[in-house]
Amino acid sequence: MLAVHFDKPGGPENLYLKEVAKPSPGQGEVLLKVAASALNRADILQRQGQYAPPPGASSILGLEASGHVAELGPGCQGHWKIGDPAMALLPSGGQAQYVTVPEGLLMPIPAGLTLTQAAAIPEVWLTAFQLLHLIGKVQAGDFVLIHAGASGVGTAAIQLARLAGAIPLVTIGSKDKLQMAEKLGAAGGFNYKEEDFSEATMKFTKGAGVNVIIDCIGGSYWEKNVNCLAHDGRWVLYGLMGGADVNGPLFSKLLFKRGSLITSLLRSRDKKYKEMLVKAFTEQILPHFSTEEPQRLLPVLDRVYPVAEIQEAHKYMESNKHMGKIILELPQ
C-alpha cells in the first residue's frame, strides 16, 4: 500500500509517498480501507521530530481516517461487516491506503455526510468533546473561551458548547475567521492581534469572567487567561503553541480565583479510555450530525488535497491561514 513517509525529521520537503506492507488486523481489530484522512498539529510535530507516536503504534502519520471495512480480525465482537462505511480515531497510521483499528474506536458515518467530510470528525471532535464535557465539566449558561476558534478543535468546540447550552467566545486572528466562528455559533470573538482578549472577555461577561477556557496556546497566554477566568473557573490546557514557559505569579493569581488548571492529551490515552470516549460521543453527539434541527453539527472543511500533495498540505497548515480541517484523499 501507499503511505505518507519521511526518512528524517525536518520540513515538509521531507514528506513523500512510499510503498509499505499492508497491515493485518490483530485480535479485535478491523482493517479499514482508507478513503480520506486529515491533518492535525500532531502530524506537524511528529514530522519535526517533536512528538513520537505512542509505544507500539505505527510511525505513519494520521490520527483519523474514514473509509470502508475491508477485513475483520479474530475475535471481533461488534456489528461491523465487510464493506461498511466507518470513521476511526487512531494513534497514528491514518495517512495510508489501509489502517488497522480496534473495533471499539470505529464510528458509523452520520447520514448525509460524505467520507471526505467524515474524515474531519474523529480527532478534533472527540478532543473537543473530551475537553468540554469530561474535563471542563461545561454546564448550560457557562461562558466558554475557546482559543484558536477557527482551528479544527475550535470549530468543533464552538458547536458543542452551543449544543450544551453554554455561551462560546473565541480568540481569532482575522476578520474572515471571526465571521466564520460567529456563523458556527460563537456569541463573541476577539482578534488577539488587535485587542487584549482578556479585557474584551471581561467586558463581554460584564466582569464575571469565563467559566471554562479551552487553551491550545499555553505559556504566552497564561496571565490573560487567569485575568479573565471566573472564580471557580476551569482552564483546560491541551497544547503549547505559545510556548511552555511561564514567568510570573501564576499560582497566586490562580489561587485568588480558586481556579483549576487541568491538562489533557488524547493521543497518549489508553485504548480503554478511548473506547469509552468513542462510545459516549457516538451515543450523545453523533446523532446531531444527521438531524435537520437548527443545532445540527457540521464538520468544517477548508481544503482537500490528494495525498500525493502532502508537502503542500503541511505547508498550508503551517501558514495558519486555514479555517477548520485540511483533508487528504487516498487513491482508491
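Start by selecting Asp232, which sits in strand 12, residues 229–237. Turn on the backbone and check its torsion angles: phi is near 65°, a positive value in a residue other than glycine. With a relative accessibility of 42%, Asp232 counts as partly exposed, because that class runs between the buried limit of 20% and the exposed limit of 50%. Keep in mind as you click around that this is a predicted model.

Where is another positive phi to look at? Go to Ala148, where phi is about 55° even though the residue is not a glycine. Ala148 belongs to the loop between strand 8 (143–146) and helix 4. Its relative accessibility is 25%, so Ala148 counts as partly exposed too.

From Ala148, hop across a contact to Gly154. Which residues does Gly154 touch, once those up to four places away in sequence are set aside? They are Ile146, Ala148 and Gly149. Gly154 is part of helix 4, and its relative accessibility of 0% is why it counts as buried. For a distance to draw, pick the C-alpha atoms of Gly154 and Ala181: they are 27 residues apart along the chain and separated by 8.6 Å.

**The largest pocket**

Stay around helix 4 and bring up the pocket surface. Helix 4 (152–163) is one of the elements that give two or more residues to the lining of the largest pocket. The others to colour are helix 1 (41–47), helix 3 (122–135), strand 9 (167–172) and strand 15 (325–329). Which element gives the most to this lining? Helix 3 does, with 5 residues.

Now show side chains for Arg41, Ser151, Cys216, Tyr238 and Met241; of the 45 residues lining the largest pocket, these lie nearest its centre. The space inside comes to about 1,100 Å³. Colour the lining by class and you should get 22 nonpolar, 17 polar and 6 charged residues.

**The second largest pocket**

Next, select Gly56, Ala57, Ser58, Pro91 and Ser92. They lie nearest the centre of the second largest pocket, which is lined by 26 residues. Two elements give two or more residues to that lining: strand 6 (98–102) and helix 9 (271–284). Strand 6 gives the most, with 4 residues. The volume here is about 450 Å³, and the lining divides into 14 nonpolar, 6 polar and 6 charged residues.

**Into helix 9, then out to a loop**

Follow helix 9 to Leu277, which has its place in that helix. Is Leu277 buried or exposed? Its relative accessibility is 0%, so it counts as buried. Show everything it contacts, leaving aside neighbours within four places in sequence, and you get Leu126, Phe129, Gln130, Leu134 and Leu266. Try a C-alpha to C-alpha line from Leu277 to Leu61 as well: the two are 216 residues apart in sequence and 22 Å apart in space.

For a contrast with that buried leucine, jump to Lys81. You'll find it in the loop between strand 4 (64–72) and strand 5 (85–89). A relative accessibility of 53% is why Lys81 counts as exposed. Draw one more C-alpha to C-alpha line, from Lys81 to Ala70, and it should read 8.5 Å for residues 11 apart in sequence.

**Zoom out**

Finish with the whole chain in cartoon. How many helices and strands should you be able to count? There are 10 helices and 15 strands. Orient the C-alpha trace along its principal axes, and it spans about 55 × 40 × 35 Å. The radius of gyration is 20 Å, which agrees with the value near 20 Å for a compact globule of 332 residues.

Colour by accessibility next: buried residues make up 54% of the 332 in the chain. Switch to the surface, and the chain exposes about 14,300 Å², with carbon and sulfur atoms supplying 54% of that area. If your viewer draws a contact map, look well off the diagonal: among contacts with a separation of 6 or more, 69% are between residues 24 or more positions apart.

How values were computed:
Residues are numbered from 1 along each chain as its sequence is written. This is a predicted model: local features need pLDDT of at least 70, side-chain atom pairs count only at pLDDT 80 or more; totals for chains, interfaces and linings use all residues. Side-chain values use heavy atoms; hydrogens and water are left out. On a 1 Å grid over the protein atoms alone, a cavity is a set of points where a 1.4 Å probe fits but cannot get out, and a pocket is an open set with protein on both sides within 12 Å along at least five of seven lines; lining residues have an atom within 4 Å of a point. Grid points are joined across faces, edges and corners, and a volume is the space filled by probe spheres set on the points. Ala, Val, Leu, Ile, Met, Phe, Trp, Tyr, Cys and Pro count as nonpolar, Asp, Glu, Lys and Arg as charged, and the others, Gly among them, as polar. The radius of gyration is taken over C-alpha atoms; the globule rule is 2.2 Å times the number of residues to the power 0.38. Buried means under 20% relative accessible area, exposed over 50%, partly exposed in between (1.4 Å probe, protein chains only). Contact means heavy atoms within 4.5 Å. Accessible areas come from the Shrake-Rupley method with a 1.4 Å probe; for residues, only the protein chains shown count as cover.
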